[in-house]
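Work through the exercises below with the model open beside you. Try each task before reading its solution.

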Amino acid sequence: MREQIEAALGKIRPALQADGGDVELVEVTETGIARVRLTGACKGCPMSQMTLKNGVERILKQEVPGLTAVEAV
């Protein structure tokens with residue numbers, strides 16, 4: 001599952017990097033939760049939670065079967 005998540009994040013990264021941010025995968029739990037860290041401009045952005053839930057999580061759930069949630073760490 002980790003490889004699938006990394007591949008999906010590769011599709012998301014260009015949009016985040018265009019705004020000066022990025023995302024990195026920290027871990028995948030046994031229950032299918034991906035823990036990610038937003039970096040760069042995304043780290044302190046007030047819209048980061050919206051980006052995480054409406055962007056990153058939505059796309060990852062479409063791309064990775066068995067993924068239950070995405071959490072920021």
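**Exercise 1. Judge the exposure of Lys53, then find its salt-bridge partner.**

Start with K53. Its relative accessibility is 36%, so K53 counts as partly exposed. The scale has three classes: buried is under 20% relative accessible area, exposed is over 50%, and partly exposed lies in between (1.4 Å probe, protein chains only).

Before going on, note the ground rules. This is a predicted model, in which local features need pLDDT of at least 70 and side-chain atom pairs count only at pLDDT 80 or more, while totals for chains, interfaces and linings use all residues. Residues are numbered from 1 along each chain as its sequence is written, and side-chain values use heavy atoms, with hydrogens and water left out.

Now look for the partner. The side chain of K53 forms a salt bridge with that of E57, at 3.3 Å from N to O. A salt bridge here is a side-chain nitrogen of Lys or Arg within 4 Å of a carboxyl oxygen of Asp or Glu.

Next, place the pair. Both residues sit in helix α2 (residues 48-63), four residues apart, so about one helical turn separates E57 and K53. Helices (H or I, at least four residues) and strands (E, at least two) are DSSP runs, numbered from the N terminus.

Finally, check E57. At 11% relative accessibility, E57 is buried.

**Exercise 2. Count the salt bridges and trace a network.**

The count comes to six salt bridges. One of them joins R35 and E71, at 3.0 Å from N to O. R35 lies in strand β2 (residues 33-40) and E71 in strand β3 (residues 69-72), so this pair ties together parts 36 residues apart in sequence.

Check the exposure of both. R35 is partly exposed at 24% relative accessibility. E71 is partly exposed too, at 31%.

Now extend the pair. E27, R35 and E71 are linked in a network of salt bridges.

Another salt bridge joins D22 and R13, at 3.1 Å from N to O.

**Exercise 3. Lay out the sheet.**

Begin with strand order. Three strands form an open sheet in the order β1-β2-β3, with mixed pairing. Strands pair if DSSP finds at least two bridges between them. β1 and β3 stand at the edges with a single partner strand each, so one side of each has no neighbour in the sheet. From one strand to the next, the twist averages 35°. Angles run from 0 to 180 degrees between N-to-C directions, and axes are lines fitted to C-alpha atoms, for helices over the stretch in contact.

Take the pairs in turn. β1 and β2 run antiparallel and are joined by seven bridges. Within this pair, D22 stands opposite T39 in β2. The hairpin of β1 and β2 has four residues between the strands, and G32 takes a positive phi near 85° there. β2 and β3 pair in the parallel sense over four bridges. The bridge partner of V36 is A72 in β3.

Add the helices. α1 lies across β1 and β2, running at about 165° to β1. α2 packs on the sheet and touches β2 and β3, with its direction at about 145° to that of β3.

**Exercise 4. Find the centre of the largest nonpolar core.**

Define the term. A nonpolar core is a set of buried Ala, Val, Leu, Ile, Met, Phe, Trp, Tyr and Cys residues joined through side-chain atoms within 4.5 Å.

Then list members. The largest core has 17 residues, of which I5, L9, V56, L60, L67 and V70 touch the most other members. α1, β1, β2 and α2 each supply at least two residues. The largest share, five residues, comes from α1.

Zoom in on I5. Leaving aside neighbours within four places in sequence, I5 is in contact (heavy atoms within 4.5 Å) with residues including L25, A34 and L67.

**Exercise 5. Which cysteine sulfur is closest to that of C42?**

Search first. The whole structure has zero disulfides, a disulfide being a pair of cysteine sulfur atoms within 2.5 Å.

Then take the distance. The closest cysteine sulfur to that of C42 is in C45, 6.6 Å away, too far for a bond.

Compare exposure. C42 is buried at 11% relative accessibility. C45 is partly exposed, with a relative accessible area of 29%.
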